Amino acid sequence: MHTQPTIVHIASDDMQEAQQVCHELRLRGFKASPRSLGMDCLGCIGKQDILVIGSNLGHINGGQRRLPTLCEQVRDHTIIFIPGLRQTEFAALDSAGFKYINTATTPTIENLIYLITQMNPDVVYRASKQHALQSAKATSIETGVLSFFRQIRDGGAVAKPEEVESQRREMNDLIGMSPMSVWLDLFRNYHDGTGQHCSLVSGFTLAFARSLRFNEQDTSRLFDAAFFHDVGKATIPLEILDKPGRLVGEEWNVMKSHALRGYEILIRDERTADEIARLARDHHEYLDGSGYPRGIKARRIDDPTRILTICDIFAALVEKRAYKAPKSPEEAYAILRSMAGSKLDPDLVRLFETVVADYDRQQNSGNRLVRDAFEKA
Ligand SMILES: [Fe+2]
Ligand SMILES: [Fe+2]
């Protein structure tokens with residue numbers, strides 16, 4: 001019998017706080033869902049799920065009166081309260097016969113996980129397995145990208161199709177098992193800027209192709225194009241490529257040459273489709289002709305190139321570099337929107353919103369009511 005995963009629900013009056021705790025838990029492999037104490041129905045949470053109430057209810061108007069009503073909805077659950085309740089509050093819960101864990105202070109995420117372990121060690125065991133798997137996949141993607149660049153820099157050949165396919169499989173698994181907020185953080189922690197960028201562009205492109213419901217073949221072609229799009233950077237001197245700051249004057253011209261250099265590397269390689277080489281050449285072209293290297297206009301820029309350009313810009317904006325703070329996915333998407341029409345394809349930018357919306361996907365919570373209905377049936 002298929003068992004549903006246990007979800008840790010973080011309920012709070014402060015949704016931002018709830019989302020942050022959920023993000024930290026997801027990074028550690030948990031399935032977590034933020035809930036607003038004011039609006040959500042706590043009674044809808046699954047029988048096996050864990051409920052953490054992260055609010056000092058006594059400080060909120062009417063909080064003490066709300067407490068027994070809130071708890072009544074989840075009478076069968078043991079609730080973890082962070083930070084702890086006041087004496088009058090937990091005395092009220094005791095006399096009503098509720099089960100709860102009352103922490104003295106706001107715990108660290110590790111303390112919270114310790115409390116979850118006390119309640120259900122199996123959840124923590126499964127989360128640690130998921131965490132190990134996520135990290136292993138992200139590491140294997142980074143290693144693949146870096147060894148591919150090193151190979152080209154040393155004058156070697158372009159990665160073999162089967163190597164790219166294995167990268168695609170790893171990426172497909174990773175983005176299938178975790179929301180974007182998790183894999184974005186895993187890639188952002190890469191030390192190497194190029195490794196981070198190419199992994200992110202490949203990830204966003206694959207996620208976009210999946211959300212557009214492209215068939216297997218088109219998805220693979222797009223992924224390959226994303227994986228190879230900046231191969232020309234392997235010919236750029238490292239002092240320019242990794243410069244911790246803005247490029248100036250001639251440095252910028254050298255950097256821009258990566259598009260044509262990438263084309264030359266890929267077009268020479270017999271195993272790589274010419275289309276992939278063309279995409280590497282054209283991924284910095286804009287609809288209004290203001291891009292490079294050729295300054296071509298809309299009618300000469302095909303859809304795969306337009307898709308790749310959107311993912312490339314989005315990745316560059318959300319990346320973490322020593323010299324610039326990363327933009328949040330929402331900020332980065334607002335910039336894409338400001339470029340839609342003049343530089344980027346407006347329809348594709350609109351469709352890309354689905355990928356951005358996946359940032360903090362509330363894992364499985366959308367299916368909750370359906371699940372409850374089945375359990376009752
Ligand atoms: Fe580029
Ligand atoms: Fe790029």
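## Close-up views of a predicted two-iron model

**View 1. Phe204, Phe314 and Phe352 touch the most other members of the largest nonpolar core, a set of 63 residues in this predicted model.** A nonpolar core here is a set of buried Ala, Val, Leu, Ile, Met, Phe, Trp, Tyr and Cys residues joined through side-chain atoms within 4.5 Å. Buried means under 20% relative accessible area, exposed means over 50%, and partly exposed lies in between (1.4 Å probe, protein chains only). Helix 14 (residues 303-318) gives this core its largest share, nine residues. Helices (H or I, at least four residues) and strands (E, at least two) are DSSP runs, numbered from the N terminus. In soluble globular proteins, nonpolar side chains tend to be buried together.

Before moving on, a word on how to read the views. Residues are numbered from 1 along each chain as its sequence is written, while chains are lettered from A and ligands numbered from 1 in the order in which they are written. Since the model is predicted, local features need pLDDT of at least 70 and side-chain atom pairs count only at pLDDT 80 or more, whereas totals for chains, interfaces and linings use all residues; side-chain values use heavy atoms, with hydrogens and water left out.

**View 2. Phe204 and its contacts (heavy atoms within 4.5 Å).** Leaving aside residues up to four places away in sequence, Phe204 touches Met180, Trp183, Leu184, Cys311, Phe314, Ala315, Val318, Phe352 and Val355. A second, separate core has 20 residues, including Phe30, Val52, Ile113 and Ala127.

**View 3. The iron ion (ligand 1) is held by Asp230 (OD), His258 (NE2), His283 (NE2) and His284 (NE2) at 2.1 to 2.2 Å.** Donors are N, O and S atoms within 2.8 Å of the metal (3.2 Å for Na, K and Ca); water is not among the atoms, so sites may look incomplete. Along the chain, these donors follow the spacing D-x27-H-x24-H-H. The pair His258, in helix 12 (residues 258-268), and His284, in the loop between helix 13 and helix 14, links distant parts of the chain, 26 residues apart. Both His258 and His284 are buried. The four donor atoms subtend angles of 82 to 169°, which makes the arrangement irregular. Four donors count as tetrahedral if all angles lie between 85 and 135 degrees; four count as square planar and six as octahedral if opposite donors are over 155 degrees apart and all others between 65 and 115; anything else is irregular.

**View 4. The iron ion (ligand 2) has His197 (NE2), His229 (NE2), Asp230 (OD) and Asp312 (OD) as protein donors, 2.1 to 2.3 Å away.** Asp230 coordinates both iron ions, which are 3.3 Å apart. His197 in helix 8 and Asp312 in helix 14 come from distant parts of the chain, 115 residues apart. His197 is buried at 5% relative accessible area, and Asp312 is buried at 6%.

**View 5. Two backbone details sit in loops: Pro293 and Arg213.** Tyr292 and Pro293 are joined by a cis peptide bond, with omega about 10°. Pro293 is found in the loop between helix 13 (274-282) and helix 14. Arg213, in the loop between helix 8 (193-211) and helix 9 (216-228), has a positive phi of about 55° although it is not a glycine. Arg213 is exposed, with a relative accessible area of 74%.
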